[in-house]
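Me: I'm new to reading protein models, and I'd like a close look at one part rather than a quick tour. Please start with how strands are paired up, then follow on to whatever helps me read the rest.

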Amino acid sequence: MTLVDPPAARPDSRAGLILPTLAFAGIVVSLMQTLVVPLIHALPDLLNTSSATASWVVTSTLLAAAVVTPIAGRLGDMVGKRRMILISMAFLVVGSVVCALSSTVTPVIIGRALQGAATGAIPLGISILRDELSRERVASAISVMSSTMGVGGAIGLPVAAWTAQSYSWHALFWAAAILGALVAISVAVLVPESAVRTPGRFDYPGAIGLAGGLVALLLALTKGAQWGWTSPLTLGLLGASIVIFLMWGTIELRTTDPLVDLRVSASATVLLTNGASVLTGFAMYATSLTVPQLLQAPPETGYGLGRSMVAASLCMAPAGIVMMMLSPVSARLTRRHGPRVTLMVGTTVIAAGYLIGAVAMNSIWQLAVVSTIIGAGIGIAYAAMPALIMGAVPIRETGAANGLNSLMRLVGTSFAAAAMTVVLTSMTQQHGPVEVPTREAFVVTFLIGGSAAVIALLVAFFIPRRAPEREPTASARVEVGAGSAR
């Protein structure tokens, strides 16, 4: 065996293919989050179940993503990041096939949970880029990889809506299985296994504690509107999550090889970046919930535009394209001014988009412009977060740290879903036999989304101006044996 330094700048004939391969993986994983959105209202009939039960088809994906993402990041640091991406793709393919072969609700819920378990591939990919690419290429590569989180979701909506409308809904899942298999083959052939490893034992108690706390918290947030925000079950789950997280934190601080190094996570840069990530995740999901409903609202309301799901999805698609196009801009900002400034610019753009949306929502082109501006800000902000995190943690912990940061964004989306649901269901007007949100409700959601972006901007302002990147020391060197992918 030979001791070598992490190969961040080591040449490799596949180096030029690493980024497009991992970006492809990121887009496919992100597609899973919006895959069933066009089917939400039809799911009870398609699966012969109640609306409450059918909602678990969406909830299971979120829960699995939240629980598995930080665990996959830690395992990636320990056993290999490429290996964990391949395992993630296996979850995605198996889950997609299970859904494609099913017509009842229970197997579809299980399959969607397996699809959600693949979400950890995105932060793992970001960590691989840091390990494998030269310093000069890392900033732009991270910007591209980060943008895939928005690109996949934005493109997935119209594609999923068209596929579900033109073919059987099972075709969505067969397509997902094929894409997942293509990603796995591409990663296996074109992405080298990182030699950067963290020795130690896996923290099983930490994983169980984190999973328990997250499930309790996210169940309360996603089901609170259905169960009642003051119901014993909702309040009990919120209380349980607090108790579990307190116990989990105490155990993690006493563990030699913790799942999450809370001492590193408590540093100003990491703590404030994760806080800004929650708020930015909130802002991202708020527009995804609000704009499509406004576009599809009946014209008789005086503000609705009466568009189909496909048309509404196409209106959102430019936002994802802009995220990818702005990747070089994000990288340039980061190189010249640092990721802190990039994050501040991104949150400012998001806030501006929401404020424009609060007064300009009378036509489809206005909403397309608003969602594109917000998407541009999200793309810029998301590109800065991994750079801030990786500049503040040891290189051997990038997988776990990026996984935790991605988790914070997922938590933000859950808070957004809860907040937007409260507003849109409490401020309603009668339209025939049903109640629909009022115009004022949509204005309030835009203002809430903008407020989240403004608070994120304030949090980003207090991130230390310079977080020196910790270079690996001799103790962080890695043993590369005969089984290395190199």
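Reply: Let's start with the word "pair": two strands pair if DSSP finds at least two bridges between them. Keep in mind that this is a predicted model.

Now find strand E2, residues 428-431, and strand E3, residues 434-437. They pair in the antiparallel sense, over four bridges. Look across from histidine 431 and you'll find valine 434 of E3 standing opposite. Together E2 and E3 make a hairpin, with two residues between them. Glycine 432 sits in that turn, and its phi is positive, at about 65 degrees.

Hold on to that positive phi for a second. Most residues other than glycine have a negative phi. So what is the phi of asparagine 48, which isn't a glycine? It is near 55 degrees, a positive value. You'll find asparagine 48 in the loop between helix H2 (43-46) and helix H3 (51-54). Asparagine 48 counts as exposed because its relative accessible area is 72%, and the cut-off for exposed is over 50%.

Back to the hairpin, and step to helix H18, residues 398-426. H18 has 29 residues, so at 1.5 Å a residue it should span 42 Å. Its end C-alpha atoms are 42 Å apart, which agrees. Is H18 mostly covered or uncovered? Mostly covered: 22 of its 29 residues are buried. One residue to pick out is arginine 409, whose charged end sits over the ring of tyrosine 382, 4.8 Å from the ring's centre.

Next, the nonpolar side chains. In soluble globular proteins, nonpolar side chains tend to be buried together. Here the largest nonpolar core has 97 residues, and Leu22, Val57, Leu129, Leu343, Leu367 and Phe446 have the most contacts inside it. Helix H17 (residues 364-390) gives the most to this core, eleven residues in total. Zoom in on leucine 367: leaving aside residues up to four places away in sequence, its contacts include Val291, Leu305, Cys315 and Phe446. There's also a second, separate core of 27 residues, with Ala211, Ala216, Leu221 and Ala418 among them.

Finally, the rings. The structure holds six aromatic pairs. In one of them, tryptophan 169 and phenylalanine 173 have ring centres 6.0 Å apart and planes at 85 degrees, so the pair is edge-to-face. Tryptophan 169 counts as buried because its relative accessibility is 10%, and phenylalanine 173 is buried too, at 1%. Phenylalanine 461 and phenylalanine 462 are also edge-to-face, since their centres are 5.3 Å apart and their planes are at 90 degrees. This time the burial reads otherwise: phenylalanine 461 is partly exposed at 42%, and phenylalanine 462 is exposed at 59%. Phenylalanine 461 has a charged partner as well, as the charged end of arginine 340 sits over its ring, 5.5 Å from the centre.

Conventions:
Residues numbered from 1 in each chain as written. Predicted model: local features only at pLDDT ≥ 70, side-chain atom pairs only at ≥ 80, totals over all residues. Heavy atoms only, no water. Core = buried A, V, L, I, M, F, W, Y, C linked by side-chain atoms within 4.5 Å. Buried < 20%, exposed > 50% of the residue type's maximum accessible area, 1.4 Å probe, protein only. Contact = heavy atoms within 4.5 Å. Expected span 1.5 Å × (residues − 1). Phe/Tyr/Trp six-rings, centres within 6.5 Å; stacked < 30°, edge-to-face > 60°. Lys NZ or Arg CZ within 6 Å of the ring centre and 35° of its normal.
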